Number of protein chains: 2
Amino acid sequence: MEQYIFKPIGYIKTNTKNIPRHWTISDLEGEIIINPEYKDGLKGIKKGDKIVVIFYFHKSPPFTYDKLIQKPAHINEQRGVFSICSPHRPNPIGLSVLEVVDIFDNVIKVRRIDMFDGTPVLDIKPYIEIQS
Amino acid sequence: MEQYIFKPIGYIKTNTKNIPRHWTISDLEGEIIINPEYKDGLKGIKKGDKIVVIFYFHKSPPFTYDKLIQKPAHINEQRGVFSICSPHRPNPIGLSVLEVVDIFDNVIKVRRIDMFDGTPVLDIKPYIEIQS
């Protein structure tokens, strides 16, 4: 079976211990600290932008097959892991859409944080609104 | 330096050779074939849903630092890799928002494909509309 190795491009920094459950209900501000060697990759990101942050759920225990079906805290039914945002996933990849509050050097100040302090960031992409 | 190992949960199947540049401009239909052991994780995904598909850019050459700044084909300026959707990224992770045309067993028929045949899929998440 194929496998793919990823390394962090940076990490999340927040002093808050009480992290909201999901970015859609978060107003929490914090920072993404990008590893200095990747700093040039931020060119074009500016204050007010929405960005898609892809990260590693570093606090999740190894995946077990009983987690294929889960009952989310805020939904009253059993759901497949691929239809919910649980941190317990076959590949522990997280995705949050954050707002850029400020950006300087290798630091992006962001709002809507729902990750723990120290969360490794794997990628940042532009957020693209769906035309429906 | 930390590193994280991911394995495919399935792969993209399409007979088309001419793959659109981006899901936002694609009407292409194809399939996501989920590895049978993860099939239960699809519970709750239904026809008409939009899903976020996270995948591995398996055709991308290894990343080199000159790719931190790129000129996208459709944009007339140099941009940082984290502000564009290029397949040449420090971690070659792709993200497309696809529409579920049908779902049965371990197969999701989808529209808006912008991945090559055989692309390894790493995760599927619900698409969440931003309330702005």
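Is Lys47(A) buried or exposed? I looked this up before anything else: Lys47(A) counts as exposed, with 12 C-beta neighbours inside 10 Å, where exposed stands for 12 or fewer other C-beta atoms within 10 Å of a residue's own, buried for 20 or more, and partly exposed for what lies in between, the C-beta atoms being placed from the backbone.

Before going on, I note that this is a predicted model, in which local features need pLDDT of at least 70 and side-chain atom pairs count only at pLDDT 80 or more, while totals for chains, interfaces and linings use all residues. Residues are numbered from 1 along each chain as its sequence is written, and chains are lettered from A and ligands numbered from 1 in the order in which they are written.

**Entry: around Lys47(A)**

I placed Lys47(A) in the loop between strand E3 (29–34) and E4 of chain A; strands here are DSSP runs of E with at least two residues, and helices are runs of H or I with at least four, numbered from the N terminus. Leaving aside neighbours within four places in sequence, I found Lys47(A) in contact with Val100(A), Val101(A), Asp102(A) and Ile103(A), contact being C-beta atoms, placed from the backbone, within 7 Å of each other. I also checked Lys47(A) against Lys71(A): 24 residues separate them in sequence, and their C-alpha atoms are 37 Å apart in space.

**Entry: strand E4 in both chains**

In chain A, 5 of the 7 residues of strand E4 (residues 50–56) are buried, so this strand is largely enclosed by the rest of the structure. I followed its pairing (at least two DSSP bridges between two strands) and found that E4(A) is joined to strand E7 (residues 93–104) of chain A by 7 bridges, antiparallel, with Tyr56(A) opposite Ile93(A). E4(A) is also joined to strand E9 (residues 120–126) of chain A by 5 bridges, again antiparallel, and there Val53(A) has Ile124(A) as its bridge partner.

In chain B, I found E4(B) mostly covered, with 5 of its 7 residues buried. E4(B) pairs with E7(B) in the antiparallel sense over 7 bridges, where Val52(B) is matched by Val97(B), and with E9(B) in the antiparallel sense over 5 bridges, where Ile51(B) is matched by Pro126(B).

**Entry: the barrel of chain B**

I traced a closed barrel of 6 strands in chain B, in the order E2-E3-E8-E7-E4-E9, with antiparallel pairing. Its neighbouring strands are turned by 45° against each other on average, direction ignored, the axes being lines fitted to C-alpha atoms (for helices over the stretch in contact) and angles running from 0 to 180 degrees between N-to-C directions. Within this barrel, strand E7 (residues 93–104) and strand E8 (residues 107–111) of chain B are joined by 5 bridges and run antiparallel, and Ile103(B) has Ile108(B) as its partner.

**Entry: the core**

The largest nonpolar core (buried Ala, Val, Leu, Ile, Met, Phe, Trp, Tyr and Cys residues joined through C-beta atoms within 7 Å) has 54 residues, and those touching the most other members are Val53(A), Val121(A), Leu122(A), Val53(B), Val121(B) and Leu122(B). For Val121(A), I listed contacts beyond four places in sequence, among them Pro8(A), Ile32(A), Val53(A) and Phe55(A).

**Entry: how the chains meet**

Each side of the contact is counted: 43 residues come from chain B and 43 residues from chain A. On the side of chain B that touches chain A, the largest share, 6 residues, comes from E9(B), and the residues of that side divide into 28 nonpolar, 7 polar and 8 charged, with Ala, Val, Leu, Ile, Met, Phe, Trp, Tyr, Cys and Pro counted as nonpolar, Asp, Glu, Lys and Arg as charged, and the others, Gly among them, as polar.

I found strand E1 (residues 4–6) of chain A joined to E1(B) by 3 antiparallel bridges, with Tyr4(A) opposite Phe6(B). Chain B can be laid on chain A with an RMSD of 0.0 Å by a turn of 180° and a shift of 0.0 Å along the axis, after least-squares superposition on C-alpha atoms of residues with pLDDT of at least 70 in both copies. That is the relation of a two-fold axis.

**Entry: positive phi**

Asp105(A), in the loop between E7 and strand E8 (107–111) of chain A, has a phi near 50° and is exposed. Arg112(A), in the loop between E8 and E9 of chain A, has a positive phi of about 90° but is buried, with 22 other C-beta atoms within 10 Å.

Note on methods:
Contact = placed C-beta atoms within 7 Å.
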